[in-house]
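Here are a few short exercises to work through with the model open beside you. Try each task before you read its solution.

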Amino acid sequence: MPDLLLELFSEEIPARMQRRAAEDLKKLITGGLVDAGLTYEGAREFATPRRLALSITGLTASSPDISEERKGPRVGAPEKALQGFLRGAGLSSIEEATVQTDPKKGDFYVAIINKPGRKAEDIIAELVPDVVRKFPWPKSQKWGQAGEGALRWVRPLHSILCTLSVEGEGSEVVPFTVEGIESSDKTQGHRFHGKDAFAVKRFEDYVAGLKERKVVLDLDERKEIILNDAKTLAFAQGLELVEDMGLLEEVGGLVEWPVVLMGEFEQAFLDMPDEVIQTSIREHQKCFVLKDAKTGKLANKFVLVSNLIAPDDGKTIVAGNQKVVRARLSDAKFFWETDLKTGLETRLYKLDSMVFHEKLGTQSERVERLIALSEALAPTVGADKALAARAAKLAKADLVTDMVFEFTELQGLMGRYYALALNEDPKVADAIEMHYKPQGPSDVVPTEPVSISVALADKLDLLTGFWAIDEKPTGSKDPFALRRAALGVIRILVDNDIRLPLQAIFATARPGFEQGDDLLSFFADRLSVYLRDKGARHDLLDAVFALGGQDDIVMIAKRVEALGSFLASDDGANLLAGYRRAANILRAEEKKSGTSFEGVIEGAHLHEPEEVALASAIEKARIAAADAVEAEDFAGAMSALATLRAPVDAFFEKVLVNDERAEVRENRLKMLTQIRATTRTVADFSKIAG
């Protein structure tokens with residue numbers, strides 16, 4: 001079975017686009033082959049700065065022959081209908097069709113269309129140019145001669161290698177042309193160490209030929225080389241690499257032949273926060289920082305990755321990088337010292353001219369809301385009101401510092417450093433950094449009360465504000481990260497076991513807020529996602545929310561957890577079955593009679609020992625479950641419901657609900673209503689699936 005090798009060779013592809021582009025190439029080519037009737041055993045995609053490559057093994061040599069019937073008009077149909085049928089079926093005359101008989105519809109024409117299979121190379125020659133022309137780059141432009149013949153590609157495309165090979169039978173070029181670029185079996189190696197073209201027969205030759213010419217084809221292999229060599233180089237100096245997986249992915253996409261080198265900078269720069277040094281070196285030079293293995297502090301050295309083997313062992317390259325790093329760190333040091341001299345509070349006036357959102361005012365107006373809401377939340381979370389207000393006042397001040405203007409990803413963190421340097425209370429400083437958190441499912445959650453109050457205020461102001469102006473997430477679009485904000489509120493409340501009635505706090509966050517129910521529903525969706533990730537069932541959350549008035553995230557989570565544990569037990573599963581039997585009988589009888597069966601169970605109409613026992617058990621369970629819920633002991637409430645399991649089973653086994661005596665039948669239906677009402681003490685069992 002043939003193997004396909006495809007390479008698209010171009011100028012440097014941006015590192016952030018490479019992995020996705022290679023995946024898209026694989027998806028589009030394999031999908032097109034399958035659509036055309038071919039199958040394959042395996043496919044692997046690759047990317048380097050100058051090439052996208054795809055290897056497909058075990059490809060079928062041709063697509064299968066296909067025979068299909070196409071039904072036409074009835075015999076005797078108008079000429080116009082017959083001509084349309086002939087054109088669609090590819091027939092030259094009606095005599096080429098067959099006639100079939102339908103007992104109800106009579107005789108009608110049928111065309112038997114035979115489509116012979118196509119060779120794999122013919123399918124590939126048609127598919128690849130189409131994929132290249134329509135490739136889904138995030139950004140691209142036309143290259144080559146202006147006009148319709150120019151190719152739209154991320155960078156100029158120079159050559160296309162496309163071969164089909166069979167073990168022991170050599171390989172052949174699949175011939176086609178894309179905007180003047182003819183396919184071939186030739187490619188190039190490294191820009192400096194292997195730029196002469198060489199021929200390729202199959203994938204193994206291709207990989208070996210590239211490596212011989214200083215190109216490592218596999219991005220993950222390049223990353224592994226960089227990581228291992230960097231660690232080894234650091235270890236030799238008594239240092240440790242500060243690993244950065246995002247930077248490693250990017251640097252792996254910048255080089256075809258990684259050469260790891262070490263540079264250094266002046267010790268004086270270490271007076272700045274570690275994060276400033278790391279961010280400056282990473283963002284400007286794509287280099288890794290190192291730390292002292294004993295102290296854990298940053299060292300005045302860094303690791304850089306070159307794309308070539310220099311004749312002077314990289315000394316010139318290191319010197320050039322050191323010069324640029326020194327200049328960038330000098331800029332950062334200037335920002336750091338200037339910001340410290342200016343302070344935070346003296347910069348607050350600049351927030352007056354910084355628009356948060358055109359419909360929600362400036363950052364200054366937002367800060368005023370954060371102060372008020374943080375103060376309101378402080379008693380609930382156990383925070384000092386004055387410290388919470390102070391932290392809220394300074395929370396956004398670092399947005400107008402020189403450092404954060406240069407490195408926006410340091411917002412919050414720089415605020416903490418500046419606050420500590422200016423002798424603010426450490427709790428205030430920590431809250432300035434932590435009020436943005438958590439920013440994702442794996443991010444840390446604030447635990448100190450002052451930080452909690454400001455973090456909640458920030459997210460609740462964001463949510464109520466955008467809900468008030470009807471800027472809500474739609475589908476996959478969430479430009480203001482409102483889903484993340486709601487999940488952040490949930491994680492803060494649950495992780496810190498904080499009781500907070502959301503409806504009331506919505507009104508506090510934004511007086512006159514009228515979208516409380518809709519925003520609470522949004523929180524319910526986010527809570528469902530959060531609990532599902534922890535193994536909870538979505539139907540249990542529906543069963544709790546169906547009770548109404550549920551806006552305490554912690555209590556909802558605890559109720560769902562207790563309900564899940566209860567239903568996983570034999571008592572819970574059997575009681576649910578008994579509840580459903582009772583509910584089904586009630587539903588049928590209520591529909592038949594047009595009335596409900598509310599009311600007190602009459603002792604005079606209890607005749608069977610099983611119904612006497614059930615009536616007594618219901619009353620005891622109802623009181624015990626209600627008391628447990630009142631005490632927020634949901635496990636206790638479930639235990640109270642569990643006492644109903646045996647008497648409910650015995651009742652349905654021994655007692656006929658629809659007794660011929662009307663008063664007895666009605667009394668027993670009241671008992672079933674009481675079962676339904678008692679279970680609603682903890683959840684709406686009708687919402688529980690399974």
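**Exercise 1.** Which residue follows helix 12, and what is the sign of its phi?

First, some ground rules: this is a predicted model, in which local features need pLDDT of at least 70 and side-chain atom pairs count only at pLDDT 80 or more, while totals for chains, interfaces and linings use all residues. Residues are numbered from 1 along each chain as its sequence is written, and side-chain values use heavy atoms, with hydrogens and water left out.

Now go to the end of helix 12, residues 413-421. Helices here are DSSP runs of H or I with at least four residues, strands are E runs of at least two, and both are numbered from the N terminus. After helix 12 comes Asn 423, with a positive phi near 65°.

**Exercise 2.** Find the buried residues of helix 12 and what covers them.

Step one: buried means under 20% relative accessible area (1.4 Å probe, protein chains only). By that cut-off, Leu 413, Met 414, Gly 415, Arg 416, Tyr 418 and Ala 419 are buried.

Step two: look for contacts, meaning heavy atoms within 4.5 Å. The cover includes helix 7 (274-285), helix 8 (315-342), helix 11 (402-406) and helix 13 (426-434).

**Exercise 3.** Describe the protein chain as a whole.

Start by counting: the protein chain has 24 helices and 20 strands. Its radius of gyration, taken over C-alpha atoms, is 36 Å, well over the 26 Å from the globule rule (2.2 Å times the number of residues to the power 0.38) for 690 residues, so the chain is more spread out than a compact globule. The C-alpha trace spans about 105 × 95 × 50 Å along its principal axes. Finally, 48% of the 690 residues are buried.

Note on methods
Buried < 20%, exposed > 50% of the residue type's maximum accessible area, 1.4 Å probe, protein only.
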